[in-house]
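I opened a fresh notebook page today to look up a protein structure. Here is what I wrote down, step by step.

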Amino acid sequence: MNKNFLRNNDFGLLLLRLTIGGLMLFHGVSKLINGVGPISGMLEALGLPGFIAYFSLAAELLGSIMIVAGLWTRAAAVVFAGNMVVAVLMAHAGQIFSVDPATGGWAIELPMLYLLGATVLIFTGGGKYAITRGSLLD
């Protein structure tokens, strides 16, 4: 047993995976139930094909499940982070240099928390408590 539980990096990575993947899973389930229409419309307004919205659904649903489970964590985190970059640029670009007057926080702190959390997992992998471990994708 680990004698110093408070210095358990693998448990910390598990909590990070559960937090980032678990919270984003709500977004993926919502898109699965309610459809990707709003995102499809935003893409079409930019002159892009609307079907690209299904990649967001896959990233938020499947990517989140993979991150929570620790299944090819690094690969899932790359897709997840890429999805968040696109989300920030499409839906929050005008808020990048803004502060939320109601909270005093950065206006895009939640999307950035997802993006940066996924970026941490890209560099660290899923840790000891992941299903897959030891390859470049993990």
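I started with the vocabulary: helices (H or I, at least four residues) and strands (E, at least two) are DSSP runs, numbered from the N terminus. With that in hand, I read the order of the elements in the protein chain from the N terminus on as α-α-α-α-α. The count is five helices and zero strands.

I noted that this is a predicted model, where local features need pLDDT of at least 70, side-chain atom pairs count only at pLDDT 80 or more, and totals for chains, interfaces and linings use all residues. Residues are numbered from 1 along each chain as its sequence is written, and side-chain values use heavy atoms, with hydrogens and water left out.

Next I looked up the overall dimensions: the C-alpha atoms of the protein chain fill a box of roughly 55 × 35 × 25 Å along the principal axes.

Then I asked how many of the 138 residues count as buried. I found 33%, where buried means under 20% relative accessible area (1.4 Å probe, protein chains only).

I also checked contacts, meaning heavy atoms within 4.5 Å. Among those between residues at least 6 apart in sequence, 68% join residues at least 24 apart.

Finally, I picked one residue, Val85, which lies in helix 4 (residues 73-91). Is Val85 buried or exposed? Neither label fits, because its relative accessible area is 37%, and partly exposed covers the range between buried and exposed, the latter being over 50%. I also looked up Val68: Val85 and Val68 are 17 residues apart in sequence and 20 Å apart in space, C-alpha to C-alpha.
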